[in-house]
Amino acid sequence: MEKVERINSEEMVGRIDGRLAKNKVVKGLFFAATAFTSIILIVLLVRIISQGAPYLSWDFLQNFASRRPEQAGIKAAVIGTIWMMAVVIPSAAIFGVGTAIYLEEYAKKNAVTRWIQMNISNLAGVPSVVFGLLGLTIFVRLFGFGNSILAAGFTMALLVLPVIIVAAQEAIRAVPGEIKEASYGLGATKWQTISRVVLPYALPGILTGSILAFSRAVGETAPLVVIGIPTFVAFLPSGIFDSFTALPMQIYNWTSRPQIEFHNLAAAGIIVLLVVLILMNSVAVWIRNRFQSR
Amino acid sequence: MALTAVNSKKDNQSTQSEEVLVYNTKNCNLWYGDHHALKNINLEIKEKDVTAIIGPSGCGKSTYIKTLNRMIDLVPGVKTNGSIEYRGRDIFNKDFLVEELRTRVGMVFQKPNPFPKSIYENIAFGLKIHGIKNKQIINETVEKSLRGAALWDEVKDRIHEPAYGLSGGQQQRLCIARCLALEPDVILMDEPTSALDPVSTLKIEELIQELKEQYSIIIVTHNMQQAARISDKTAFFLNGEVVEFDATDTIFNNPADSRTNDYISGRFG
């Protein structure tokens, strides 16, 4: 008979100090990571606000582009960005959520679906310049939209589509099977179950993912450069087929000029961009909270 | 041709009017992929009976009850053959829409699964998906169903509050009420008390006794005492087969098969 060594309680109690020390070290590491990110963010914000805030004025918001920095404003870019997002948000939401619903609720889980799934995930990592080239080929040239709001909006929608699809899929997958069963058990059709049970439950999650995606669309510059969005625009668009400029284009243009005043204007432009982002995200958070407080 | 077929069916039913079947399962087999989960099931389930299905874990009892309203369709890779007739119509027939079957046959699940909506909306859901929009009808049905599930007195002051605020037992009775709102013919219950405490379990059992006046009830349970207390007939499943199906008294006091005897006397399972 082999002698079985018994568990020694005293030894286990003696190890508690060591385990607690490890506990503290790990907590410290995570805190350091958070602190590092926060400090970088604060430095960035302080730098931009101190440089740009003096240039923020009603005139800055009301003026069009100008050769003279004291007369240059951001009006065309703010309005242009709003127009562009008015194209991006509905088109990316409809195609993104639609694709996610199809893949999660309708598609058979076979090799083809897995292949599509893998490609969607990979698309999220494709450089935005490539999407710009795609937009240039398809929307600007083939469909003949030119460098219009529509062409830019669709290009940006394509860019953010993979992120929205993946986020919406995660949210749809997180809907408990039991409540879907409850709906089917009452004789509901698939669409009734999706529209009345799955989507309301998944909406907060879909919105959280979409907020990030749309924020990216507001800030992206490269695809707009590739499809030839102008930077010097002295008029407001009156429809989606008009030419326009957007905030990141305007900022990019100002930073590449030699005069220091334009660099300061760029900083002021970044502040405006941040405010637009905060407003957009607040709306999304507000919608999300309304749906969560059921 | 079609007319005579219908007539002869009617004659058939009237001659057996004392023994009306809601479900007649004939040589039914079911596979999950390669796994043969139901083996040649033959069961006749009578109207207004409480039929209990007992058996050890993995014996196919849940699979069978989920087949009765074709919830099993939601599992990928399921194959069936044979037939299950619901009031003379084969539920596997393409012409018998699952939406119709599930409207006539309600289901209560193992875990209480109310929607993340108010108590009122939980019950109104079934009516709304079937196109009932009249507020008054919906209001009356909500009250009637909650009374029918013995829940009205407990929740009448807060029917517009979230259903998740109810206790587990109340949630399960809400799920029964949700089922009753569609005035089903049969109610399937898949281990409805397995997630509940003894007091809530007792309330559901009492409720089942009241409901059997109006509905045919088929209940899966792993609790043999429960089957003995509430059912008229009991089917004992083992390894995907029906070992024995008889009056509950007979199954528990004088079973014909030694395996049934072993199971109910607690020798396995």
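**View 1. Helix α5 of chain B and its surroundings.** The cover over the buried residues of α5(B) includes three helices of chain B, α4 (119-129), α6 (152-155) and α7 (168-180). Everything shown here and below comes from a predicted model, in which local features need pLDDT of at least 70, side-chain atom pairs count only at pLDDT 80 or more, and totals for chains, interfaces and linings use all residues. Residues are numbered from 1 along each chain as its sequence is written, while chains are lettered from A and ligands numbered from 1 in the order in which they are written. Helices (H or I, at least four residues) and strands (E, at least two) are DSSP runs, numbered from the N terminus.

Which residues of α5(B) are buried? They are B:Thr141, B:Val142, B:Ser145, B:Leu146 and B:Gly148. A residue counts as buried if 20 or more other C-beta atoms lie within 10 Å of its own, exposed if 12 or fewer, and partly exposed in between, with C-beta atoms placed from the backbone. Looking down the axis of α5(B), you will find its buried residues within an arc of 155°, so they line one face of the helix; the arc is that of the directions from the helix axis to the C-beta atoms. On the face turned away from the buried side sit the exposed residues B:Gln136 and B:Glu140. As a reminder, an α-helix has 3.6 residues a turn, so residues three or four places apart point the same way.

**View 2. The length and the end of α5(B).** Helix α5 (residues 135-148) of chain B has 14 residues, which should span 20 Å at 1.5 Å a residue, and its end C-alpha atoms are indeed 20 Å apart. The expected span is 1.5 Å times one less than the number of residues. After α5(B) comes B:Ala150, with a positive phi near 55°.

**View 3. Strand pairing around β1 and β4 of chain B.** Strand β1 (residues 21-32) and strand β4 (residues 78-86) of chain B run antiparallel and are joined by eight bridges. Strands pair if DSSP finds at least two bridges between them. To find your way along this pair, look for B:Asn29, whose bridge partner in β4(B) is B:Asn81. β1(B) also pairs with strand β2 (residues 35-46) of chain B, in the antiparallel sense and over eight bridges. Here B:Thr25 has B:Leu43 of β2(B) as its bridge partner.

**View 4. Two hairpin turns in chain B.** β1(B) and β2(B) form a hairpin with two residues between them, and B:Gly33 in the turn has a positive phi of about 60°. The other hairpin involves β4(B) and strand β5 (residues 89-90) of chain B, which run antiparallel and are joined by two bridges. B:Glu85 has B:Asp90 in β5(B) as its bridge partner. This hairpin has two residues between the strands, and B:Arg87 takes a positive phi near 45°.

**View 5. Two glutamates on either side of β7 in chain B.** B:Glu183 lies in the loop between α7 and β7 (186-190) of chain B. Although not a glycine, B:Glu183 has a positive phi of about 45°. B:Glu191 is placed in the loop between β7 and α8 (198-211) of chain B, and its phi, near 45°, is likewise a positive value in a residue other than glycine. Which of the two is buried? B:Glu191 is buried, with 20 other C-beta atoms within 10 Å, whereas B:Glu183 is partly exposed, with 16.

**View 6. The setting of B:Thr248.** B:Thr248 belongs to helix α10 (residues 248-253) of chain B. The residue is buried, with 21 other C-beta atoms within 10 Å. Leaving aside neighbours within four places in sequence, its contacts include B:Ala52, B:Ala227 and B:Asp232; two residues are in contact if their C-beta atoms, placed from the backbone, lie within 7 Å.

**View 7. Where chain A meets chain B.** At this interface, 15 residues of chain A are in contact with 20 residues of chain B. On the chain A side, α8 (177-185) and α9 (190-219) are the elements that give two or more residues. α8(A) gives the most, with six residues.
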